[in-house]
Amino acid sequence: PTGAHGTAAAAAAVASSELKSLSPDSTPDLYRDLDAFSYEGRLPSRSEDDEDHSIGDGDGDGGPGLVTDNEPEPEPRPSKSYAWLTATRPHTLTASVVPVLVGSSLVHPTRHPPAARSHVARASLSLGTFAALIQLATNLHNDYADFVKGADDERRVGQARATAKGWLSPAETAGGATVCLVAAAAVGMELVRFSSASMSMSTAGGGEEGEEPPAFDVFFAIVVATSCFNAVAYTGGPYPLGYVGLGWVSIGYSGLGDLFVFLYFGLVATLGVPYMCLRACGDSRVWTEMLLSPSSSPPPSGGGPGGTGGTGIVGEAGLLEAFLTALPVSSLATAIIVVNNLRDRNTDVAAGKRTLAVRFGEKFARAEYATLVLSSYAFQVYAAAFGGASHGPDGRRWWGLLPLLSLPVAVPQLRAVAFGGKDGAELNEHVGGTARLQLLYSMLLTAGVMMSW
């Protein structure tokens with residue numbers, strides 16, 4: 001034998017031969033010496049629990065029976081590009097971009113002249129970019145903040161987090177979130193400028209030139225500002241809110257994450273394009289009037305920069321129709337975060353993250369998921385039968401039932417999340433499954449709206 005194990009065997013043999021020549025009284029001292037020899041590490045010894053040690057493979061490097069601690073193999077470090085893909089989670093972008101697509105479908109191109117159609121494309125592209133940047137900023141800041149706040153550790157059962165794995169430093173993920181936020185703010189400022197300029201044009205001409213100051217769309221400016229703030233306030237953490245004394249603020253940790261997703265990744269994202277197109281086509285009313293007091297009159301001519309005015313650009317119900325269409329989209333977006341929080345509730349408790357799943361328990365979270373998904377389908381049936389979202393002439397409003405074709409995708413999610421017993425890591429596939437459900441449902445809803453024009 002060679003190596004450490006061979007040395008051990010030789011030493012044991014010598015000790016055994018010497019032991020025979022010793023008197024019984026000296027035997028205990030020798031055993032104490034051998035024990036000390038082994039304890040000091042010079043004589044490898046086997047533990048009673050063999051699974052705590054591993055034996056060498058006998059390749060000549062360290063001997064055929066080298067005993068070492070059974071430490072796990074270090075996880076290979078991925079490339080930097082893979083680490084950034086993990087942190088940004090680009091597969092989640094559908095939750096922010098698809099609602100914008102649904103909102104764009106609500107703007108009827110046949111109800112305004114070609115000169116105004118560029119506003120639809122401009123609003124859709126700008127708002128889609130803004131929503132995607134906010135989503136990326138939220139993801140990156142969540143990756144950073146959940147790590148520094150202790151929510152992401154070795155017990156995590158969800159998708160790997162780049163900061164927690166050590167693939168990216170907290171400074172890198174926080175810096176990436178900052179870059180996305182700055183870009184989102186720049187796009188958002190352009191959206192506010194566009195909407196404000198449209199308001200100014202629609203209100204001009206009522207008096208002498210220069211009598212009215214330039215209009216400013218306060219409502220949309222608040223939407224942009226709160227969207228940027230909420231991207232970092234969703235998880236909170238020391239950066240950047242800690243620098244202004246708001247490090248304690250956290251939407252997700254306080255249990256308001258579901259409401260945040262419903263409002264911003266549902267209603268705001270879907271209503272944005274119809275709202276901006278109404279502004280561009282001469283509607284200067286405040287947003288509450290646009291929503292609660294729709295005009296049923298056809299669009300007058302010459303109202304705004306596109307040559308039309310009124311609410312006819314998005315149907316007779318105006319912004320109310322867009323609001324009703326946004327409800328099922330918002331519900332499915334919220335369902336994604338619900339199954340995510342259901343999966344993570346046990347580790348969230350330890351980190352002090354008080355999501356609704358933590359506050360009210362597993363049964364509540366499963367019931368919430370069922371309500372959100374089933375109500376999305378029930379609403380479309382009601383809308384098609386009695387008018388409402390995506391409605392059109394009686395012969396066409398049944399196109400609103402197209403989203404029901406996504407039911408085969410919804411049923412497995414409902415069985416597993418709402419009515420089944422899956423939990424923990426088993427729910428990972430249903431986080432993605434719910435996201436795919438929202439994507440398919442929204443695409444079918446878009447097609448149904450367009451077919452009902």
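Reader: Quick one to start: is Phe 260 buried or exposed?

Author: Buried. Keep in mind that this is a predicted model. Phe 260 has a relative accessible area of 6%, and the cut-off for buried is under 20%.

Reader: How many aromatic pairs are there overall?

Author: The count comes to 11 aromatic pairs. One of them is formed by Tyr 234 and Phe 260, with 5.4 Å centre to centre and 40° between the planes.

Reader: And why is that one called tilted?

Author: The pair of Tyr 234 and Phe 260 has 40° between the planes, so it counts as tilted, because under 30 degrees would be stacked and over 60 would be edge-to-face.

Reader: Where do Tyr 234 and Phe 260 sit along the chain?

Author: Tyr 234 is in the loop between α8 and α9, while Phe 260 is in helix α9. They're 26 residues apart, and the pair links distant parts of the chain.

Reader: What about Tyr 234 itself, buried or exposed?

Author: Tyr 234 is buried too, with a relative accessible area of 11%. Tyr 234 is also one of the residues that line the second largest cavity.

Reader: OK, cavities then. How many are there?

Author: There are two cavities of 30 Å³ or more. The largest has a volume of about 160 Å³, and the second largest about 40 Å³.

Reader: What lines the second largest cavity?

Author: Besides Tyr 234, the lining includes Gly 252, Gly 255, Leu 256 and Gly 257, and also Asp 258, Asn 341 and Lys 353. By class that lining has three nonpolar, five polar and two charged residues.

Reader: How does the lining of the largest cavity split by class?

Author: That lining has 12 nonpolar and two polar residues, with no charged residues. Of the 14 residues lining the largest cavity, Phe 130, Ala 131, Ser 227, Tyr 264 and Val 268 are the closest to its centre.

Reader: Which helix gives the most to that lining?

Author: α9 does, with five residues. At least two residues each come from α4 (94-105), α5 (114-148), α8 (218-233) and α9 (257-280).

Reader: Switching to pockets. What's the volume of the largest one?

Author: The largest pocket has a volume of about 700 Å³. There are 32 residues in its lining, and the closest to the centre are Arg 89, Thr 92, Ile 336, Ile 337 and Asn 340.

Reader: Which element supplies the largest share of that lining?

Author: α11, with nine residues. α5, α9, α11 (319-350) and α15 (428-451) each supply at least two residues. By class, the lining of the largest pocket has 11 nonpolar, 12 polar and nine charged residues.

Reader: And the second largest pocket, what's the class mix there?

Author: For the second largest pocket it's 14 nonpolar, two polar and no charged residues. The elements giving two or more residues to its lining are α8, α9, α10 (287-292) and α11, and α9 gives the most, with seven. The volume of this pocket is about 330 Å³.

Reader: Which residues lie nearest its centre?

Author: Phe 219, Val 223, Val 268, Leu 271 and Trp 287 lie nearest the centre of the second largest pocket, out of 16 lining residues. Phe 219 and Trp 287 also belong to one aromatic cluster, together with Phe 220 and Tyr 275. And Val 268 is among the residues closest to the centre of the largest cavity.

Reader: Back to rings for a sec. Which residue lies over the face of Tyr 253?

Author: Lys 149 does, at 3.7 Å from the ring centre.

Reader: Now Arg 161. Where is it, and what does it touch?

Author: Arg 161 is in the loop between α5 and α6 (162-165). Leaving out residues up to four places away in sequence, Arg 161 touches Arg 89, Asn 142, Asp 143, Asp 152 and Arg 156. Arg 89 is also among the residues closest to the centre of the largest pocket.

Reader: Is Arg 161 buried or exposed?

Author: Arg 161 is buried, with a relative accessible area of 7%. Arg 161 and Thr 86 are 75 residues apart in sequence but 6.6 Å apart in space, C-alpha to C-alpha.

Reader: Last thing: what's the overall picture, helices and strands?

Author: The protein has 15 helices and two strands. Buried residues make up 46% of its 453 residues. Of the contacts with a separation of 6 or more, 73% are between residues 24 or more positions apart.

Note on methods:
Residues are numbered from 1 along each chain as its sequence is written. This is a predicted model: local features need pLDDT of at least 70, side-chain atom pairs count only at pLDDT 80 or more; totals for chains, interfaces and linings use all residues. Side-chain values use heavy atoms; hydrogens and water are left out. On a 1 Å grid over the protein atoms alone, a cavity is a set of points where a 1.4 Å probe fits but cannot get out, and a pocket is an open set with protein on both sides within 12 Å along at least five of seven lines; lining residues have an atom within 4 Å of a point. Grid points are joined across faces, edges and corners, and a volume is the space filled by probe spheres set on the points. Helices (H or I, at least four residues) and strands (E, at least two) are DSSP runs, numbered from the N terminus. Ala, Val, Leu, Ile, Met, Phe, Trp, Tyr, Cys and Pro count as nonpolar, Asp, Glu, Lys and Arg as charged, and the others, Gly among them, as polar. Rings of Phe, Tyr and Trp (its six-membered ring) pair if their centres lie within 6.5 Å; planes under 30 degrees apart count as stacked, over 60 as edge-to-face and the rest as tilted. Buried means under 20% relative accessible area, exposed over 50%, partly exposed in between (1.4 Å probe, protein chains only). A charge sits over a ring if NZ of Lys or CZ of Arg is within 6 Å of the ring centre and within 35 degrees of the ring normal. Contact means heavy atoms within 4.5 Å.
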